[in-house]
Amino acid sequence: MRYGENHRRRTHRRIVENASYGLRQKGAKGLSAIDLMKLAGLTHGGFYNHFESREALVGEAIAFAMDQTTERWKKLTDNTANGERFANLIADYLSPRHRDNPKHGCALPTLAVDIARSGSSEQQAFADKLEKMIDVFVELLPDQPPRQARQIATGAIATLVGSIVLSRAVGAGKLSDGILAAGRMTASGRTQKPRRRATRTMR
């Protein structure tokens, strides 16, 4: 039985989307091509009708996951007052809900280490998507000079990702919650101007 091009595109997207959920849970090295196809309820037999290699599927799945996070951030900030957008995005990211739901969360905490061990093409694709994620944070800092805004945005994302990695590593509990709270304080504090020290007058 032959299927049309629309069916092929829908199946392709289904494979990529379900693979992205699996990769966010187990990492890029933890699933074979057979495993990735099973996530979409399909057999390995049709794999090469959609992808040249496992690496091609993994690349698309990672891009899908990162794009999904970027879109979520944009929607979240669109419904927030300007002065609260940066802090609200940080609070949403460093929440117990996000920590406890890697399947539908940001791909960076799970996949960054795997990508660091991959080839240059995978790293470049990852870097391109990360730049777009940084751009979302930069747009939330209109009062900062462009260079300073990018430094703050990059540092904030690095803090968010590291905090989620550690909070998941220790398991849900007091220490994990403390890591999330410390991450929120550190990332939010990047946008605050340092207070000037009061100088004593000499008599």
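Contact here means heavy atoms within 4.5 Å. These legends describe close-up views of a predicted model.

**View 1. The buried face of helix H7 packs against four helices: H3, H4, H6 and H8.** Helix H3 covers 54–78, H4 covers 85–93 and H8 covers 146–169. The H7 residues that are buried are Phe126, Lys129, Met133, Ile134, Val136 and Phe137. They fall on the same side of H7, because their arc around the axis is only 155°. Ser120 and Ser121 sit on the other side of H7 and are exposed. An α-helix has 3.6 residues a turn, so residues three or four places apart point the same way.

**View 2. Helix H7 from end to end (residues 120–138).** The helix has 19 residues. At 1.5 Å a residue, H7 should span 27 Å. The C-alpha atoms at its ends are 26 Å apart, which agrees.

**View 3. Phe126, a buried residue of H7.** Phe126 lies in helix H7. Its relative accessibility is 12%, so Phe126 counts as buried; the cut-off is under 20%. Beyond its neighbours within four places in sequence, Phe126 is in contact with Ile62, Met66, Leu108, Ala112 and Ile115. Ala158 is 32 residues from Phe126 in sequence, and their C-alpha atoms are 15 Å apart in space.

**View 4. Asp114, a buried acidic side chain without a salt bridge.** Asp114 belongs to helix H6, residues 108–116. Which side chain of opposite charge is nearest to Asp114? Arg117 is, at 4.3 Å. A salt bridge needs a distance within 4 Å, so this pair does not count as one. The Asp114 side chain instead reaches the backbone nitrogen of Ala28, at 2.6 Å. Ala28 is also among the contacts of Asp114, together with Gly27 and Lys29, once neighbours within four places in sequence are left aside.

**View 5. Arg24, a buried basic side chain without a salt bridge.** Arg24 is part of helix H1, residues 5–26. Glu17 is the nearest side chain of opposite charge, 7.0 Å away. What does the side chain of Arg24 make a polar contact with? The partner is the side chain of Ser20, at 2.8 Å. Not counting residues up to four places away in sequence, Arg24 touches Phe64, Ala65 and Gln68. Its contacts also include Pro102, Lys103, His104, Gly105, Cys106, Ala107 and Thr110.

Conventions
Residues are numbered from 1 along each chain as its sequence is written. This is a predicted model: local features need pLDDT of at least 70, side-chain atom pairs count only at pLDDT 80 or more; totals for chains, interfaces and linings use all residues. Side-chain values use heavy atoms; hydrogens and water are left out. Helices (H or I, at least four residues) and strands (E, at least two) are DSSP runs, numbered from the N terminus. Buried means under 20% relative accessible area, exposed over 50%, partly exposed in between (1.4 Å probe, protein chains only). Lys and Arg count as positive and Asp and Glu as negative; His and the chain ends are not counted. A polar contact is a pair of N or O atoms within 3.5 Å; within protein, one must be able to donate a hydrogen and the other to accept it, and residues adjacent in sequence count only if both atoms are side-chain atoms. The expected span of a helix is 1.5 Å times one less than its number of residues. The arc is that of the directions from the helix axis to the C-beta atoms.
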